[in-house]
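Hi,

Here is the structure I promised to pass on. Have a look at it first, then read my notes below.

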Amino acid sequence: MKNNTYSIVINDFGCNGEGVSRVKENAFKLIKNIQDGKVIFVKNALPKEEVEVLITKQTSNYLIGEVKSIKQKSTQRIIPKCKYFGKCDGCQIQHMNQDLQIDFKTTAVKNEFAKQHINCKINNCIPSENQFEYRNKISLQVGLNYDIGFFDGKSRNLIKIDKCMLCESWNENVIDVFNQYFQTLTQKQNKVFKQIIARKINDSILITLIVAIEKLENKELLQNLLNNKFSNFGLYISVNKIKNSNVFVNESKHVCGLKFLEFVQNNNNVEVGSQGFLQINNNIAQKIYNQLGQNLINCDLVVNAYSGAGLLSATLAKSCKKVIGIEVCKDAHLSAQKLKLQNNISNLTNILGKTEEELPKLFFSCKKEQNVAVILDPPRKGCDKVVMQSLIQTMPNTIFYLSCFCSTLTRDISILINSKAYEVLFVQPYDMFPQTKHIETLVCLMLNKNI
């Protein structure tokens, strides 16, 4: 019952990495209005642990509790490295050792496929080489008092930080620069700054400020502070006047320094702008690209939907006869076009537009292609129904679906499976985001030969 404390045994994981205990297996069977088989979710508790739990929420279907003490500790529990763990919401599973994190993520994918009644083999999650300092990008929130950090998991209050251990170590310098810069600003600028987004590749960094107004105070000082910390930097601003919104709503405006990040990957010279998409974990991204490349050798046509800055498209063009990329973000599309031209790739076409609009038109004009494969890498909301129906109607030979949000992934996959046109060849989870609940999953579907 709410506000009471109970001793319980944790039986399983929830989808967010929290511990789960079932009512019928412990003392909660004595609580009125809670039926046998209902669950209690306990943040930061691990399977096989006996914990003292304070009930903080009770509904007719479930309970939520928080750990007050651990009576019997899991052998797979470790001390979190980050001093902000449990306060900010960036990490959820830092208290698990790596083996348990991998087990949790493999099981989480299996559970999502089971919910959609998709019966297929799920491979074990492939781990990341780096468990910390793996992110090449960070998105920092800016509070009303110029505090820099992340939101907590409950109240959405801002937790001020001096560094993030998931990001490469340069993020500490970014925070330091803006702490110094914000000290020089007047109070009227208090609500101007919403977010600081930074990505660093090799020795170059691009920083984009999400702001409420275009004009910045003390711009020259900011440039000098950045120049003192980084040898090669570029600064952009993106104006967002919508209250309580801190995302890109307009194109970014270049302020000073570099306009692009330049690097070499997969024998391609690559340029990525301020809004260009790249996977945040280079090691895992390369493993995914390698797996896709191995499965798509000599394909007649590969359509890379939601293609971002075009690196995957350019990589596949080396081993496939023809590749077409579709991307809605203009900045990312321009980066993909430049990548194509700089590397003299003649068998790659980049289309600027929405996948749900461009894919049906593309299929209509490409009916003569013999061996067609489609790669889907949509945002968290998944694919539009138009996209799924286009696939069912045109029936490309192979579909690869890459997603960081398993519930929309399995929702869309179930549409293809239920059409009887496709069957799952393999499901491969990757630990793109160590220390967090998030999972990158690649699914390969093949055209059903029996239709």
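A cut-off to start with: a residue is called buried when its relative accessible area is under 20%, and exposed when that figure is over 50%. Ile196 comes in at 1%, so it counts as buried. Please keep in mind that this is a predicted model.

Ile196 is a handy way into the fold, since that residue sits in strand β10. Setting aside neighbours within four places in sequence, Ile196 is in contact with Ile138, Ser139, Leu140, Val142, Ile148, Val174, Phe178, Phe182, Ile207, Thr208 and Leu209. For a sense of scale, its C-alpha atom is separated by 35 Å from that of Gln76, which is 120 residues away along the chain.

Now the sheet around it. There are 7 strands in an open sheet with mixed pairing, and the order runs β9-β8-β7-β10-β11-β12-β13. At the edges you'll find β9 (158-160) and β13 (253-257), each of them paired on one side only. On average, neighbouring strands here are turned by 35° against each other, ignoring direction. At the β9 end, β8 (residues 148-151) runs antiparallel to β9, and 3 bridges join the two. Phe151 stands opposite Leu158 of β9 there.

Two helices pack on this sheet. Helix α2 (residues 171-182) touches β7 (137-142), β8, β10 (193-201) and β11 (204-211), and its direction makes about 145° with that of β10. Helix α3 (residues 219-229) touches β11, β12 (232-239) and β13, with about 140° between its direction and that of β12.

Next, the aromatics. The whole structure has 9 aromatic pairs. One of them is Phe178 with Tyr181, an edge-to-face pair at 6.3 Å centre to centre with 85° between the planes. Both residues belong to helix α2 and are 3 residues apart, about one turn of the helix. Phe178 is buried, with a relative accessible area of 0%, and Tyr181 also counts as buried, at 0% relative accessibility. Ring pairs link these two with Tyr146, Phe182 and Phe193 into a cluster. Elsewhere, Arg380 lies over the face of Phe405, at 4.0 Å from the ring centre.

How many disulfides does the structure hold? The count is 0. Take Cys329: the closest cysteine sulfur, in Cys404, is 16 Å from its own, so the two are too far apart for a bond. Cys329 is buried, with a relative accessible area of 18%. Cys444 is in no disulfide either, and the nearest cysteine sulfur, that of Cys299, is 11 Å away. Cys444 is buried too, with a relative accessible area of 1%.

Last, a couple of backbone oddities. Most residues other than glycine have a negative phi, so the next two caught my eye. Asn267 is not a glycine, yet its phi is positive, about 65°. Asn267 is in the loop between β14 (261-265) and β15 (268-272). Gln435, not a glycine either, has a positive phi of about 75°, and is found in the loop between β21 (422-430) and β22 (440-447). Which of the pair is buried and which is exposed? Asn267 is exposed, with a relative accessible area of 70%, whereas Gln435 counts as buried at 3% relative accessibility.

Over to you, and shout if anything is unclear.

Cheers

Definitions and conventions: Residues numbered from 1 in each chain as written. Predicted model: local features only at pLDDT ≥ 70, side-chain atom pairs only at ≥ 80, totals over all residues. Heavy atoms only, no water. Pairing = 2+ DSSP bridges. Helix = DSSP H or I, 4+ residues; strand = E, 2+ residues; numbered from the N terminus. Axes fitted to C-alpha atoms, helices over the stretch in contact; angles between N-to-C directions. Contact = heavy atoms within 4.5 Å. Disulfide = S-S within 2.5 Å. Buried < 20%, exposed > 50% of the residue type's maximum accessible area, 1.4 Å probe, protein only. Phe/Tyr/Trp six-rings, centres within 6.5 Å; stacked < 30°, edge-to-face > 60°. Lys NZ or Arg CZ within 6 Å of the ring centre and 35° of its normal.
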